[in-house]
Amino acid sequence: MREYYEGKRVVVTGGAGFVGSHLVDALIRYGSIVTVLDNLHSGVLSNLCDSLKHVHWVNADLRDRDAVVRVLDGSDCIFHLGANASVPFSVEEPWYDFETNVVGTYNVLQALLQGTTQRVLFASSAAVYGVPSRTPVDELHPLEPVSPYGGSKLAAERLGISYSRAFGVQFVVARLFNTYGPRQRKYVMYDLLCKLKMNPTHLEVLGDGCQVRDYSFVADTVSAMLLLMRDGSPGSAYNIGGGHPIQIRDLVPLLAKVMGVDGRLSVTYTGVSWRGDIPVMCADISRLRALGYMPQTGLYEGIVALRDWLEREVWHSGKCVYRMVSARA
């Protein structure tokens with residue numbers, strides 16, 4: 001992998017985010033010349049504490065077309081992760097998803113036509129599938145999103161693929177399922193671990209616990225994205241998942257074990273989830289495996305890594321904030 005990325009001029013939009021910052025770290029290790037574009041709407045600059053001195057940092061918004069053109073000029077390839085990535089927020093503020101996820105992607109694509117960059121990896125989402133009619137979900141599954149977030153990601157996908165066909169832009173789609181790990185500051189793993197930290201005897205979880213998710217550790221997700229940038233077929237989509245789906249009712253005792261509270265914990269489920277929640281979401285990653293991909297981190301090992309990061313970076317400072325918990329990610 002190093003021989004492909006060493007010396008390459010790479011732009012990462014959303015590079016201060018959870019997944020984006022891990023991707024930036026990996027690119028730096030491989031010797032890339034990295035530019036990060038982020039408006040810090042959901043990204044956190046401290047995520048880049050290990051890499052910031054090695055990157056060209058640009059605080060800009062994807063909706064600013066002139067800024068996007070300037071940042072992308074002269075790059076060799078682009079990892080386009082900049083987006084709103086919250087389904088509940090998209091329901092509350094659908095205009096932001098449209099402007100950032102769709103118009104922002106349009107600005108990236110238009111910038112490509114004005115420069116020399118030809119290859120872009122777009123971070124899409126399993127939300128484009130909507131409620132699955134079959135599982136595991138492969139890339140040929142019908143695309144029927146049930147949230148503004150899923151709709152905006154699908155619109156951006158279709159736009160990018162149309163540019164691939166019309167203008168020769170090498171646009172590769174990565175459909176991320178549920179990624180977790182250090183630097184994650186929201187969603188079910190974070191929320192449940194924080195709640196267990198604050199109350200080790202009782203845990204309340206949104207929904208009925210029958211939701212099924214396919215978790216991918218962040219380092220594995222990054223490895224898959226690096227592989228797809230190099231070997232993915234333009235105009236094609238690839239699922240990125242862990243390959244080992246788990247029901248939330250089975251995840252909860254695993255989290256309790258990691259926190260050392262499994263012998264004294266009572267759990268209640270509200271029975272009611274949130275608008276846009278999808279009960280079962282499991283990835284068929286056969287297309288990705290055919291490129292040589294293999295997840296490396298087991299679920300228990302990954303949760304321990306997340307817990308250890310929370311202990312160092314969140315809990316010791318008293319910054320633990322949890323939300324009403326569902327199986328949203």
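A residue is called buried when its relative accessible area is under 20%, exposed when that area is over 50%, and partly exposed in between. The exercises below apply this to a predicted model.

**Exercise 1. Establish how many disulfides the structure holds, and explain why C49 is not in one.**

Step 1: The cut-off needed here is that a disulfide requires two cysteine sulfur atoms within 2.5 Å.
Step 2: For C49, the closest cysteine sulfur belongs to C194, and because the two sulfurs are 19 Å apart, they are too far from each other for a bond.
Step 3: The surroundings of the two residues can be added, since C49 has a relative accessible area of 56% and is therefore exposed, whereas C194, at 0% relative accessibility, is buried.
Step 4: The count under this rule is zero disulfides.

**Exercise 2. Work out which side chains of strand β8 are buried and which strand pairs with β8.**

Step 1: Following residues 202-205, one finds that the side chains alternate, with L203 and V205 pointing to one face, where they are buried.
Step 2: H202 and E204 point to the other face and are not buried.
Step 3: The pairing partner is strand β13 (residues 266-269), which runs parallel to β8 and is joined to it over four bridges; within β13, S266 is the bridge partner of H202.

**Exercise 3. Describe the salt bridges of D25 and E157, and say where each pair lies in the chain.**

Step 1: Among the 11 salt bridges of the structure is that of D25 with R183, whose closest N and O atoms are 2.8 Å apart.
Step 2: This pair links distant parts of the chain, with D25 in helix α2 and R183 in the loop between β7 and α7, 158 residues apart.
Step 3: Both partners count as buried, because D25 has a relative accessibility of 8% and R183 one of 12%.
Step 4: E157 meets R175 in a salt bridge, also with 2.8 Å from N to O, and this pair joins helix α6 to strand β6 across 18 residues; E157 and R175 are both buried.

**Exercise 4. Characterise helix α11 by its span, its buried residues and what covers them.**

Step 1: The helix comprises 15 residues (299-313) and reaches 21 Å from its first C-alpha to its last, close to the 21 Å expected.
Step 2: Its buried residues are L299, G302, I303, V304, L306, W309 and L310.
Step 3: The elements that cover these buried residues include β7, α7, β10, β12 and α9.
Step 4: R307 forms a salt bridge with D308 at 2.8 Å between the closest N and O atoms, and D308 is partly exposed, because its relative accessible area is 29%.

How values were computed:
Residues numbered from 1 in each chain as written. Predicted model: local features only at pLDDT ≥ 70, side-chain atom pairs only at ≥ 80, totals over all residues. Heavy atoms only, no water. Helix = DSSP H or I, 4+ residues; strand = E, 2+ residues; numbered from the N terminus. Expected span 1.5 Å × (residues − 1). Buried < 20%, exposed > 50% of the residue type's maximum accessible area, 1.4 Å probe, protein only. Contact = heavy atoms within 4.5 Å. Pairing = 2+ DSSP bridges. Salt bridge = Lys/Arg side-chain N within 4 Å of Asp/Glu carboxyl O.
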